[in-house]
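Open your viewer, load the model and keep the selection box handy. We will move from stop to stop, picking residues as we go.

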Amino acid sequence: MSRRVEYNRFGGPEVLEIVHVEPPHPAAGEVRVRVLATGINPFDAKVFRGMPTSNPQSVQFPVGNGADFAGVIDELGEGVTAVGVGDTVMGSRMYFAQADFVVIGSDKVSPVPAGMTIEQAGSLDTAGRTAWASVESLHLSPDDVVLVSAAAGGVGVIAVQLAKRTGATVIGSAGASNHEFLKNLGVIPVEYGVGLADAVRAIAPQGITAALDNFGHGFVEVALELGAPAARVNTIADYEAPEKYGVGAIGAAGANIDDLRELAQLIADGDVEFPIDSVFPLERVGHAYDRLLAGHLRGKIVLVTQ
């Protein structure tokens, strides 16, 4: 028998359970990955709590949890030749990742590059592709001043560094405990919440030219107030803003597996920092989501199976 995280009703992290199931096996064109690390995302928590998401989900109970994973291939389906047993890979499969085994198409996994930890690999896919695609959508240049919300979180911490690589001036909103960390990344930190617009004006009296919203809670309105054109604001957290204001809503689907591989190599080479906030054993999945929902993260939270 193998373990997987499952839930049978909507609710808080307490609805998540470890259940024992027969191990899955790959069909033709698929591989089975022995999961070593699996990341958690705010999206997961919205789904199991029955909250709105950018793409409405149709959940039928019982349902598994999580998307991102990394581990070692231990079984091959018929016809698979591009990867082999023993390869260390990462990928994403919604509702299946938080388990001992994941079965997935062989073309949906990427090799974990040397220099990247298994915890980083297991939590990169969703946050990494989201950050990559959202930054690319703004077409930043050295002439830009870009404001990024939740700048120390899983998506934000990658996004600010990718934005910096374009030469843009990057201002990041975060809690005070993460300000020194952001400074070390070359980001100008500001406190989020009430007074954000005034804090940004003190840094950039001319206003901003672009914004990335990873937080919601009125950030899009602040970005527009500060002068960012709607076409150069992207949100992954405010589901009403795209229709209301005409801002972008580019997320993980906007980046492909080649983009993910390029980002993974940047992290492995030390060109992009990808911090791990905390690590929990699979059995403490509920506690991991409690940590997520408490906020003030620096990077990603990861579950490990061993």
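The tour below visits a sheet, a loop residue and two helices.

**Before you start.** This is a predicted model, in which local features need pLDDT of at least 70 and side-chain atom pairs count only at pLDDT 80 or more, while totals for chains, interfaces and linings use all residues. Residues are numbered from 1 along each chain as its sequence is written, and side-chain values use heavy atoms, with hydrogens and water left out. Helices (H or I, at least four residues) and strands (E, at least two) are DSSP runs, numbered from the N terminus.

**Stop 1: the sheet.** Select strands 2, 1 and 4, which make up an open sheet in the order 2-1-4, with antiparallel pairing. Two strands pair if DSSP finds at least two bridges between them. At the edges you will see strand 2 (17-21) and strand 4, each pairing on one side only. Now look at strand 1 (residues 2-7): 2 bridges join this strand to strand 4. For one bridge, pick Tyr7, whose partner in strand 4 is Val63.

**Stop 2: Val59.** Next, select Val59, in the loop between helix 1 (42-48) and strand 4 (63-64). Is Val59 buried or exposed? Its relative accessibility is 19%, so Val59 counts as buried; the cut-offs are under 20% relative accessible area for buried, over 50% for exposed and partly exposed in between, with a 1.4 Å probe and protein chains only. Show its contacts (heavy atoms within 4.5 Å): leaving aside neighbours within four places in sequence, they are Tyr7, Phe10, Val47 and Tyr95. Tyr7 is the strand residue you picked a moment ago as the partner of Val63. You can also draw a C-alpha to C-alpha distance from Val59 to Phe48: 8.8 Å, for residues 11 apart in sequence.

**Stop 3: helix 3.** Move on to residues 125-138. The expected span, 1.5 Å times one less than the number of residues, is 20 Å for these 14 residues, and the end C-alpha atoms are 20 Å apart, which agrees. Colour by accessibility and you will find 11 of the 14 residues buried, among them Asp125, Arg129, Trp132 and Leu138. Just after the helix, check His139, which takes a positive phi of about 50 degrees.

**Stop 4: His179.** Finally, select His179 in helix 5 (residues 179-184). At 16% relative accessibility, His179 counts as buried. Which backbone oxygen does its side chain reach? That of Ala174, at 2.9 Å. Beyond four places in sequence, the contacts of His179 are Ala174, Pro189, Val190 and Glu191.

Terms used. A polar contact is a pair of N or O atoms within 3.5 Å; within protein, one must be able to donate a hydrogen and the other to accept it, and residues adjacent in sequence count only if both atoms are side-chain atoms.
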